[in-house]
Amino acid sequence: MPAVTVENPLTLPRVAAPADAVSRPVLAVTTAPQGFEGEGFPVRRAFAGINYQYLDPFIMMDQMGEVEYAPGEPKGTPWHPHRGFETVTYIIDGIFDHQDSNGGGGTITNGDTQWMTAGSGLLHIEAPPESLVVSGGLFHGLQLWVNLPAADKMMAPRYQDIRGGQVQLLTSPDGGALLRVIAGELDGHEGPGVTHTPITMIHATLRPGAEISLPWREDFNGLAYVMAGRGTVGADRRPVHTGQTAVFGAGGALTIRADEKQDGHTPDLEVVVLGGQPIREPMAHYGPFVMNTQAELRQAFEDFQAGRLGTIPAVHGMGE
């Protein structure tokens, strides 16, 4: 699980919660069910079973893979619509091409993030490049959905292509953890992702036995999803492992610790840490549309069926 790494984390800025910060309690630990998405790639539904009051402004998150494809096996998604929220696709291993009905698109690979603000709506496709389909290979990533407030739901769509080299790299005081700030800020260090709703998104790698105590905004919620490995969360050290999400309560510090012994396949504890300022608005969500009312959902479907969210580009390439 390379993403973006450094040989010596002690060369990086170090962050730690103040000694008098209140450690957030762990309210719940949930286990993600496994399923398939798009044309059949395996996913873990990270937020399944968590009450939305603890997720807001996040809607859902899928861990895509980790899977080693044989030649001819790599899969993506067909053309599909979105309206009313943002999708954040973070590729840890492998490569994905993306394209939309507005003419946007590109390629993201190890450590890159594609941040798509669907806003008023578009059609979108994500797929492995032909070379990966032919060769097969490792694929692993995340897709996070972030809600937009009512005032921004019908804004013009936009992309942010965030390269792995742009993320803000930090470490813990002893250098035992590598923190990649993808969006938002941590202890005054800002990531490259520009968000409409204030959030923080971090991919943390903790060496066996390492611990992080992160300063956390008290007006943010707190979530930690384990992509790989074993460890504990909170001051009372609740056990967590691959595919589990920890939901934190109120406080000014968020604590995660890696077990001394990890699985053979996973040398470190790999965690995505999320926090955001709740929007606290009514949410009407069905499939690829996230609006505030049922009437707005119906309008989204009508607009999609009438072709007002865009049309599939009549060009050779992805989706042909």
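**Entry 1: the whole chain**

I started with the surface: the accessible area of the protein chain comes to about 13,000 Å², and carbon and sulfur atoms hold 52% of that. Note to self: this is a predicted model.

Next I looked up the overall dimensions. The C-alpha trace spans about 55 × 45 × 35 Å along its principal axes. I then listed the secondary structure and got 3 helices and 26 strands in the protein chain. The radius of gyration is 19 Å, close to the 20 Å that the globule rule gives for 320 residues, so the chain is as compact as a globular protein of that length.

How much of the chain is buried? I find 56% of the 320 residues buried. I also checked how far along the sequence the contacts reach. Of the contacts with a separation of 6 or more, 73% are between residues 24 or more positions apart.

**Entry 2: the nonpolar cores**

I went for the largest nonpolar core, which has 31 residues. The members that touch the most others are Phe 47, Phe 58, Met 61, Leu 144, Met 201 and Leu 274. Then I asked which elements give two or more residues to this core. They are strand 4 (58–69), strand 6 (85–93), strand 11 (137–147), strand 14 (177–183), strand 17 (199–206), strand 19 (222–228) and strand 24 (269–276). Apart from this core lies another, of 27 residues, and among them I noted Ala 177, Leu 214, Trp 216 and Phe 220.

A general reminder for the margin: in soluble globular proteins, nonpolar side chains tend to be buried together.

I picked Met 61 and pulled its contacts, skipping neighbours within four places in sequence. Met 61 meets Arg 44, Arg 45, Ala 46 and Phe 47, then Leu 142, Gln 143 and Leu 144, and also Tyr 225 and Leu 274.

**Entry 3: strand 4 and its partners**

Strand 4 deserved its own look. I count 10 of its 12 residues as buried, so to speak a mostly covered strand. Strand 3 (residues 41–45) pairs with strand 4 in the antiparallel sense over 3 bridges, and Arg 44 stands opposite Gln 63 there. Strand 11 also pairs with strand 4, again antiparallel, over 10 bridges. I looked up one of the rungs: Met 60 has Trp 145 in strand 11 as its bridge partner.

**Entry 4: the sheet of seven strands**

I traced an open sheet of 7 strands in the order 1-22-19-24-17-14-13, with antiparallel pairing. Which strands stand at its edges? Strand 1 (26–31) and strand 13 (168–171) do, each with a single partner strand, so one side of each is left without a neighbour in the sheet. On average, neighbouring strands here are turned by 20° against each other, direction ignored.

At the strand 13 end, I found 4 bridges joining it to strand 14, and the two run antiparallel. Thr 171 has Leu 178 in strand 14 as its bridge partner.

**Entry 5: the sheet of four strands**

Another open sheet has 4 strands in the order 18-23-20-21, with antiparallel pairing. Its edges are strand 18 (211–215) and strand 21 (238–241); each has a single partner strand, so one side of each is left without a neighbour in the sheet. The average turn between neighbouring strands of this sheet is 25°, direction ignored.

I zoomed in on strand 20 (residues 230–233), which pairs with strand 21 antiparallel over 4 bridges. Gly 231 has Val 240 in strand 21 as its bridge partner.

**Entry 6: two residues against Pro 71**

Is Val 226 buried or exposed? Val 226 sits in strand 19, and I get a relative accessible area of 3%; that is under the 20% cut-off, so Val 226 is buried. Leaving out residues up to four places away in sequence, Val 226 touches Gln 63, the run Val 240, His 241, Thr 242, Gly 243 and Gln 244, and also Leu 269 and Glu 270.

For contrast I took Ser 131, in helix 2 (residues 130–135). Its relative accessible area is 54%; exposed needs over 50%, so Ser 131 is exposed.

Last, I took C-alpha distances to Pro 71. Ser 131 is 60 residues from Pro 71 in sequence and 9.7 Å from it in space. Val 226 is 155 residues from Pro 71 along the chain, and their C-alpha atoms are separated by 29 Å.

Note on methods: Residues are numbered from 1 along each chain as its sequence is written. This is a predicted model: local features need pLDDT of at least 70, side-chain atom pairs count only at pLDDT 80 or more; totals for chains, interfaces and linings use all residues. Side-chain values use heavy atoms; hydrogens and water are left out. Two strands pair if DSSP finds at least two bridges between them. Axes are lines fitted to C-alpha atoms, for helices over the stretch in contact, and angles run from 0 to 180 degrees between N-to-C directions. The radius of gyration is taken over C-alpha atoms; the globule rule is 2.2 Å times the number of residues to the power 0.38. Buried means under 20% relative accessible area, exposed over 50%, partly exposed in between (1.4 Å probe, protein chains only). Contact means heavy atoms within 4.5 Å. Accessible areas come from the Shrake-Rupley method with a 1.4 Å probe; for residues, only the protein chains shown count as cover. A nonpolar core is a set of buried Ala, Val, Leu, Ile, Met, Phe, Trp, Tyr and Cys residues joined through side-chain atoms within 4.5 Å.
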